[in-house]
Amino acid sequence: MSGTEQNSETTTLSGAEILIRALTDQGVEVIFGYPGGAVLPIYDALFAQNNIRHILVRQEGGAVHAAEGYARSTGKPGVVLVTSGPGATNAVTGLTDAMMDSIPIICLTGQVASHLIGNDAFQEADTIGITRPCTKHNYLVQDTDEMGRIVHEAFYVATHGRPGPVVIDLPKDICVNQGHYEKPDLENLHHKTYRPPMEGKATSIMRAVEMMAGARRPIFYTGGGLINSGPEACARLRELVRLTGYPITSTLMGLGAYPASDDRFLGMLGMHGTYEANNAMHDCDVMICLGARFDDRITGRLDAFSPNSRKIHVDIDPSSINKNISVDLPVIGDVGKVIEQMLAQWKSGGYKPDPSALNDWWTTIQKWRSRDCLAYTQDTDIIKPQYAIQRLYELTKDQDTYITTEVGQHQMWAAQFYKFEEPNRWMTSGGLGTMGYGLPAAVGVQIAHPNSLVVDISGEASFMMNVQELSTAMQYRLPLKIFILNNRWMGMVRQWQQLLHGSRFSETYSEALPDFVKLADSFGATGLVIERSGELDDSIRKMLETDGLVIADVRVAQEENCFPMVPSGAAHNEMILADDQNAERPKVTGDGMALV
Amino acid sequence: MSEKPEIAPKHTIAVLVDNEPGVLARVVGLFSGRGYNIESLTVAEVDASQDRSRINIVTSGSEMIIDQIRAQLERLVPVFNVVDLTEDGPSVERELALVKVVGKGENRIEALRVADIFRARAVDSTLGSFVFEVTGDSGKVNAFIDLMQPLGLTEVSRTGVVAIARGADAM
Ligand SMILES: Cc1ncc(C[n+]2csc(CCOP(=O)(O)OP(=O)(O)O)c2C)c(N)n1
Ligand SMILES: [Mg+2]
């Protein structure tokens, strides 16, 4: 990295002190961490200062998810500090999660002293080797004088281009030794090799806008890249949709980039997407993919994916182009910047799409919409999970609310029924699908937004995966609301077993569940059970009004399945709807089964 | 119904990297992690003053895979530049092999004769053996090795392919 300020004084500090200085210079306010022998010098340096707050988690995996929640809800990188060996290996799931969902994370891992590396020393692990494939980049600091430069470079790499996790491995002696540190000119940092593109090529923008304007059945297919690009990108997206009048759908990761309540929004697409979104994707003639990556949960069967469309793909990462689906027009650049360029081009070119074609397209879409694919019946005392989320939405939508989820049916129902109007309000594990993400992520969100309402929409099985983080939440008096859709099953797996494996429910019943009220009680939190649909609203209100952390054990219909569903190996227009005659027993071929 | 096996053409890809620790592991890990082929790999520092190394990789795959390989390589932080030498115009490829041939009498004389035709040099010799150094494209090296087989070939050490684009332009 270059850009160091000239003539500034340099001082000698310990490596740990340099680390803390550099983090402070980066504007870091919070670190999520867990101590151990190899990082004691760093904990010492933390102890001696007041700029950075340390949040003590209960397991290192929780630290990374908390940092992800912090990052996703603020747009700033999340910072993690763990010890060597088991501390670092516990962080691996979170790092992989952040890698898959492009979340900027700086993970500081302790390491045994330099001279012990390679000796199978106590709590030594080859952290650099283990984390190489699950980080955007990683560094082993080998010289205390290099500490500052590497920290700043790591932040640059984590936050520029397609964001991702970066590990800095810190041998103990490097943290103890004295070295020099100079604050670089952070505005003008640039990297020796890494130069992600920002603006799209002018000729590509021109062609893209022409293709868009000539469309008869267009659709915007948007993803998490918009959230990463930032609120400005989302504002421009709104303008582009308004200007063109085209329908828009979003991936799981992109929810909130465009307001869900707007009429142009067709809901989420993909495996559990809406009938209208998936059909519109299948039948469109021009697809404008903005910051999404055509992953397999979106496309369904590849050779049947949107067969008659020309596709524009805007992505900051060239390796996302033509990876799964070959596209007609790639535009490499930051999606916010590219949309800005598109807007300028559209306006200056005075483009006007064919109104009658667009009208026909909307008529077709309305027909799909009228199928009302998310309909369910709430006709008994037993709470339908969809109803629970719908009521939660109605009772929290006017507040300053952030939602996290775990992984499973409850996650998909949350995506379908909770309407997100703004970006950065929705934290979920998309790419990796990590059960146990939601509770620690909620911790991170609440630390960043102490006065907001933070709800973890959870499943009873996922909740148990990082349940220890309740203790973290209690230590920092975080008033999280944990809304468990308790169906006593690993519901999503049970659903697959029912639909694809002849209802052989192998090991998916949530046996020996704890009494969640007593569990809450033992941590000093409040627990409540919600059993009847008639009491749902009052109990949700009670949950929201109760000070401090609340666990709501919502007993929902146990055998409810999540529809619509594009079964494995099927095309978008072959989705199963809840009210289909054969919804509960679709024909899935052997091929489809292996496709997952 | 039998499908036509897809012919996966070979590509030689040159990667210019910052010579930092672990950079080779990163490149190789990318290939194994994503299921790409490596048929040959060479690495060496090429610019000490700028700490740059060059990695030459021979791989194979469909056009889509080769494009992916290139994009994935470019995504690695310490990578300066990636060039598909096979795609981007004519290039020169060379490989060096050291070939040990053990034998006496007629075979020994024949080995020397073949070496002469291939412009291979004997870089070591004893009364019962030679080590030949042969340079050329991989096809030539393969042909030399094939011919030495019946003449007492016992061991081969090859560098793998190094390659460079023809013409005045530099990578
Ligand atoms: C760490 C991890 N292990 C296993 C899985 C596979 N898996 C996906 S959903 C699911 C069940 C989740 O059950 P629960 O949390 O009760 O949610 P539900 O589907 O019932 O709403 C499982 C086991 C996973 N996603 N993550
Ligand atoms: Mg469950």
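A salt bridge here is a side-chain nitrogen of Lys or Arg within 4 Å of a carboxyl oxygen of Asp or Glu. By this rule the count comes to 31 salt bridges over all chains of this predicted model. The legends below visit some of these pairs, along with a metal site, an interface and the layout of chain B.

**Figure 1. The magnesium ion (ligand 2) and its protein donors in chain A.**
Welcome to the metal site. A:Glu460 appears twice among the protein donors, each time through OE, and it is joined by OD1 of A:Asn487 and O of A:Trp489. These protein donors lie 2.1 to 2.7 Å from the magnesium ion. Along the chain, the donors of the ion follow the spacing E-x26-N-x1-W. A:Glu460 belongs to helix 19 (residues 460-463) of chain A, while A:Trp489 sits in the loop between strand 18 (481-486) and helix 21 (491-500), so this pair ties together parts that are 29 residues apart in sequence. Are A:Glu460 and A:Trp489 buried or exposed? Both A:Glu460 and A:Trp489 are buried. As for geometry, the site has 6 donor atoms with angles of 51 to 174° among them, and it is classed as irregular.

**Figure 2. The interface of chain B and chain A.**
Here 15 residues from chain B meet 20 residues from chain A. Together the two chains bury about 1500 Å², with 54% of that area on carbon and sulfur atoms. Which three residues supply more of the area that chain B buries against chain A than any other three? They are B:Arg26, B:Arg75 and B:Val77, which supply 42% of it. The interface of chain B and chain A holds 2 salt bridges. If you would like one to zoom in on, try A:Asp317 and B:Arg75, whose side chains meet in a salt bridge at 2.8 Å, N to O. B:Arg75 thus turns up both in this salt bridge and in the trio named above.

**Figure 3. A network of salt bridges in chain A around A:Glu199 and A:Lys337.**
Five residues to pick out in this view are A:Glu199, A:Glu232, A:Arg236, A:Lys337 and A:Glu340, linked in a network of salt bridges. Within it, the side chains of A:Glu199 and A:Lys337 form a salt bridge of 3.9 Å, N to O. This pair links distant parts of the chain, 138 residues apart: A:Glu199 is in the loop between strand 8 (178-181) and helix 9 (202-213) of chain A, and A:Lys337 is in helix 14 (residues 335-349). A:Lys337 counts as partly exposed, at 23% relative accessibility.

**Figure 4. The salt bridge of A:Arg216 and A:Asp354.**
The side chains of A:Arg216 and A:Asp354 come together at 3.2 Å, N to O. Where in chain A do A:Arg216 and A:Asp354 lie? A:Arg216 is in the loop between helix 9 and strand 9 (218-222), and A:Asp354 is in the loop between helix 14 and helix 15 (355-369). The two residues are 138 residues apart, and the pair links distant parts of the chain. A:Arg216 is partly exposed, with a relative accessible area of 41%. A:Asp354 is partly exposed too, with a relative accessible area of 29%.

**Figure 5. The salt bridge of B:Arg158 and B:Glu95.**
In chain B, the side chains of B:Arg158 and B:Glu95 meet at 2.8 Å, N to O. B:Arg158 lies in strand 8 (residues 153-158) and B:Glu95 in strand 5 (residues 91-102), so their contact ties together parts that are 63 residues apart in sequence. B:Glu95 is buried, with a relative accessible area of 6%, whereas B:Arg158 counts as partly exposed at 35%.

**Figure 6. The two domains of chain B and the contact between them.**
Chain B is divided into domain 1 (10-84) and domain 2 (91-164). Taken over C-alpha atoms, the domain centres are separated by 29 Å. Where the domains meet, 7 residues of domain 1 are in contact with 7 residues of domain 2. About 480 Å² is buried between these domains, 49% of it on carbon and sulfur atoms. How many salt bridges are counted between domain 1 and domain 2 of chain B? The count is 0.

**Figure 7. The fold of chain B, with 4 helices and 9 strands.**
From the N terminus on, the elements of chain B run β-α-β-β-α-β-β-α-β-β-α-β-β. The C-alpha trace spans about 60 × 55 × 30 Å along its principal axes. Of the 171 residues of chain B, 39% count as buried. Among contacts in this chain between residues at least 6 apart in sequence, 72% join residues at least 24 apart.

Definitions and conventions:
Residues numbered from 1 in each chain as written. Chains lettered and ligands numbered in written order. Predicted model: local features only at pLDDT ≥ 70, side-chain atom pairs only at ≥ 80, totals over all residues. Heavy atoms only, no water. Donors = N, O, S within 2.8 Å, 3.2 Å for Na, K, Ca; no water. Tetrahedral: all angles 85-135°; square planar, octahedral: opposite > 155°, others 65-115°. Buried < 20%, exposed > 50% of the residue type's maximum accessible area, 1.4 Å probe, protein only. Domains from an automatic or database assignment. Contact = heavy atoms within 4.5 Å. Buried area = accessible area lost by both parts, 1.4 Å probe.
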